[in-house]
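User: I'm new to reading protein models and would love a close look at one part. Could you walk me through it slowly?

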Amino acid sequence: MPSLREALQQTHQILEASGIPDARLEAEVMVMNVMRMPRQDIFAQQELAVSSQQQETLSQVIDRRKQREPLAYILGYKEFYGVNLLVTPDVLIPRPETETLVEHALFMSLMGMEVAHLVIADVGTGTGAIALNLAIHLPAARIYATDSSEKALMVANYNIRRHNVADRVTLCHGDLMEPLPEPVDLIVANLPYIPTARIPTLQPEIQWEPAAALDGGEQGMDQITRLIAQASERLNPQGSILLEMDPEQVPLAEELARQYFPEAETGVERDLAGLDRVLTISRGVAEEA
Amino acid sequence: MDEIFDKLGPIVKRYEEIESTMALPEVATDFERVQTLAKERAGLEELVGISRRWQQLAEERGDLESMLRAENDPELAAMAREELEEVDTKIEQLGRALRVALVPKNPNDERDVIVEVRSGTGGDEASLFAADLYRAYSRYAQLHNWKIDIMDSSASPLGGFNKMVFGVQGKGAYSRLKYERGVHRVQRIPETETQGRIHTSTATVAVLPQVDEVEIKIDPDTIRIDIFHAGGHGGQNVNKVATAVRIVHEPSGLTVTCQDERSQYKNKSKAMAMLRARLFDAEEERKSQEMSQTRRSQVGTAERSEKIRTYNYPQDRITDHRINSSFHDIPKVMDGFLDDIIDALSTWEEEQALGEAGAS
């Protein structure tokens, strides 16, 4: 029977030969999951024997991964902002850049707004990643999470229950902000923003993700444009909007913001790679009495 | 020998002072003041206990001595002499306990740590030895019920590690692992060796006390946070398993990296913890250079590049060069049973400190 060390090395080699980037890291994650052992134990017990059943499971994982199926779909979860989320092929796998969106939403909520009465909308929630994390860190907030995909909402539902925030996160099925029952103080959205033509040129892993969660139309701006257009009547007077997008989309989005929210302040937040990632639109600041 | 007990006089006095102060009505209602005083009192508890015990023993001895002087019966005199010897032995033991209690404690002893094991000279074999050391520390941590968390690692082709950085959380982690700091040297026949020759390789271990955000404040303007990205748009355009965060601290030039499959947010947090630990360590090192040689031995650590231990596998002997002692059963030690070696080092450190503090 092979040892853990051998299993790790072999897995690494196979993945590397298949052109998987970060092959060593992925090999570790696969072995950790199959052996149900944390990394520190895998490294400390490299001589441990891998049973034939475990080998079989590992083989299956490797075979699926060789087809470039995303590892998150194979393992069934992805960690985001410190929280493990269920993911299925019905949802977009959360990206690290969206953690920037969450951080800024939290920062704005805690700094500027009346935290006690905060009502938030996470539009196009997918796994529920954003809504869930806001609920965890803003215990007094009420959050609506919308999505046009019922299947995605089932995943979101699992996640919010799993993390005990179902009492403060309401899931709404429908198009963008249409299903919202009331106006909100904060809109956060990671809507599909990839230009249609670009999608097939992206990584093989991305071809496994739902096109509806990525496709933003010709310039990737369709969903964002529609949201900005709808947001005006659904956002409270002192409210704010945070939208994730690609750097080259920012000028266009800012222009739209100025059009629909002439009195609002706009800003851009960068992600950790230093790229413009989040557009902020802040409606009138409260007048001091 | 009784002079050592004279050191207790002022300590007992202070203890009694604290007690009477705490009894005053205006102090008893001042919660914060009571807390501070109670803490100080707790710190003196052990020494006061020793002092009281000594008073008891000194009285006993006095009584036995006068009895001996007055005693005519040779049998009873012999008994009294025996008892007197016993009391003297107890006083001697108490004196030793007092000396240990008087040695100033390293303020970092209670901290959690970050351990960095890096392969040194010897290529693949050095990386395998680094992996062996990690294994030993990991099992040692388990024996002590400490938690381990991998922060960064870099594997070598044969299953060893060029680098392994991990946090150890647990009571007294620093107080034990601090003795591991330095260069470890191994002499054995490598797995890859076809002709049975013994090779010498090294691995370096660094042990950094963990420091929280309150103790080392890092000005966000002085750091640059990078993530590794291949250029291009990022965000929805990319789907990768690895998140890697690199933080560069501009004033010191220190760089830390953290890479794994977990959230970027967590990696950033780990990288900051590593940076704080390194900055704190650099500061301690700077202070240590300024200290006299005597105080340095109390800190209990060698120069970072000093060869502290040699593991000779064919002879089944581990030699710690600081205390010039040998230990056997390498497999057992490398299975995590490090306490014998660490106990010996701990005792050595105490003796050093006492010797230089002038207590004789």
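User: In the hairpin of β2(B) and β3(B), which residue takes a positive phi, and how many residues are between the strands?

Analyst: Quick ground rules: this is a predicted model, where local features need pLDDT of at least 70, side-chain atom pairs count only at pLDDT 80 or more, and totals for chains, interfaces and linings use all residues. Residues are numbered from 1 along each chain as its sequence is written, chains are lettered from A and ligands numbered from 1 in the order in which they are written, and side-chain values use heavy atoms, leaving out hydrogens and water.

Now, your hairpin: the residue is Gly159(B), with a positive phi near 100°, and five residues sit between the strands. Strands here are DSSP runs (E, at least two residues) and helices are too (H or I, at least four), numbered from the N terminus. β2(B), residues 147-155, runs antiparallel to β3(B), residues 161-169, and eight bridges join them. Follow Ile148(B) across and you'll find Val168(B) opposite, in β3(B). That Val168(B) is also the bridge partner of Val113(B). β1(B), residues 113-119, is antiparallel to β3(B) too, with six bridges.

Zoom out, and the hairpin belongs to an open, mixed sheet of eight strands in chain B, ordered β2-β3-β1-β5-β4-β9-β10-β11. Strands count as paired if DSSP finds at least two bridges between them. β2(B) and β11(B) are the edge strands, each pairing on one side only. Finally, helix α8(B), residues 264-290, lies across β1, β2, β3 and β5 of chain B, at about 95° to β5(B). Contact means heavy atoms within 4.5 Å, and angles run from 0 to 180 degrees between N-to-C directions, using axes fitted to C-alpha atoms, for helices over the stretch in contact.
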